[in-house]
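Here is a friendly walk through one protein model, written for someone at the bench. Have the sequence and the 3D view open as you read.

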Amino acid sequence: MTCEHYIIGGFCKKFNKHIPDGYCQWKCKVFPSKIAQLLNFLNSVLRILKSGLKIVPKLESLRRLTICKLCEHWTANGRCAKCGCYTKFKTKLETEHCPVNKW
């Protein structure tokens with residue numbers, strides 16, 4: 001049983017429990033807190049704007065996305081459980097990187 005869409009900032013709303021270690025007993029993935037996700041997003045926007053909106057070539061974007069989809073932190077809804085980003089978009093941006101240094 002999984003409930004990855006219920007866990008936000010270390011708290012599982014479905015089972016009403018705090019999840020300290022990143023995964024609950026049902027192997028649910030825990031996203032960063034909403035504030036951490038917002039800060040990640042704002043920092044990304046600043047980097048993107050400073051770069052002049054540079055994107056990577058399509059082949060590089062596909063390579064990155066493939067790595068994400070095979071990663072243990074990738075979720076079925078297309079997000080990274082480590083940073084909270086939507087990998088479909090993040091993998092296209094030259095200024096962005098994998099939070100666990102896979103690309």
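The report below goes from the whole chain to its helices, then to a few single residues and the cysteines.

This is a predicted model, in which local features need pLDDT of at least 70 and side-chain atom pairs count only at pLDDT 80 or more, while totals for chains, interfaces and linings use all residues. Residues are numbered from 1 along each chain as its sequence is written, and side-chain values use heavy atoms, with hydrogens and water left out.

**The whole chain**

The protein chain holds three helices and three strands, and from the N terminus on they follow the order β-β-β-α-α-α. Helices (H or I, at least four residues) and strands (E, at least two) are DSSP runs, numbered from the N terminus. Of the 103 residues in the protein chain, 37% are buried. Here buried means under 20% relative accessible area, exposed means over 50%, and partly exposed lies in between (1.4 Å probe, protein chains only). The accessible surface of the protein chain is about 6800 Å², and carbon and sulfur atoms account for 62% of that; such areas come from the Shrake-Rupley method with a 1.4 Å probe, and for residues only the protein chains shown count as cover. Among contacts (heavy atoms within 4.5 Å) between residues at least 6 apart in sequence, 50% join residues at least 24 apart.

**Two helices, side by side in a table**

The expected span used here is 1.5 Å times one less than the number of residues in the helix.

| Helix | Residues | Length | End-to-end C-alpha distance | Expected span |
|---|---|---|---|---|
| H1 | 34–51 | 18 residues | 26 Å | 26 Å |
| H2 | 58–70 | 13 residues | 19 Å | 18 Å |

In H1, the buried residues are Gln37, Ser44, Ile48 and Ser51. Viewed down the axis of H1, they fall within an arc of 65°, so they line one face of the helix. The arc is taken from the directions from the helix axis to the C-beta atoms. Ile35, Leu49 and Lys50 are exposed on the other side of H1. Just after H1 comes Gly52, with a positive phi of about 85°.

H2 buries Ser61, Arg64, Leu65 and Cys68. These cover an arc of only 100° around the axis, which puts them on the same side of H2. The buried residues of H2 pack against H3, whereas Leu59 and Leu70 are exposed on the other side of H2.

**Glu60 and Arg79**

Glu60 belongs to helix H2 and, at 23% relative accessibility, counts as partly exposed. Its C-alpha lies 7.9 Å from that of Lys92, although the two are 32 residues apart in sequence.

Arg79 sits in the loop between H2 and H3 (87–90), and its relative accessibility of 12% makes it buried. What does the side chain of Arg79 reach? The partner is the backbone oxygen of Gly84, at 3.0 Å. Leaving aside neighbours within four places in sequence, Arg79 is in contact with residues including Phe31, Gln37, Trp74 and Tyr86.

**The cysteines**

How many disulfides are there? With a disulfide taken as a pair of cysteine sulfur atoms within 2.5 Å, the count is zero. Cys68 is in none, and the nearest cysteine sulfur, that of Cys98, is 6.1 Å away. Cys80 is in none either, with the sulfur of Cys83 nearest at 3.8 Å. Cys68 counts as buried because its relative accessibility is 9%, and Cys80 counts as buried at 9%.

Note on methods: A polar contact is a pair of N or O atoms within 3.5 Å; within protein, one must be able to donate a hydrogen and the other to accept it, and residues adjacent in sequence count only if both atoms are side-chain atoms.
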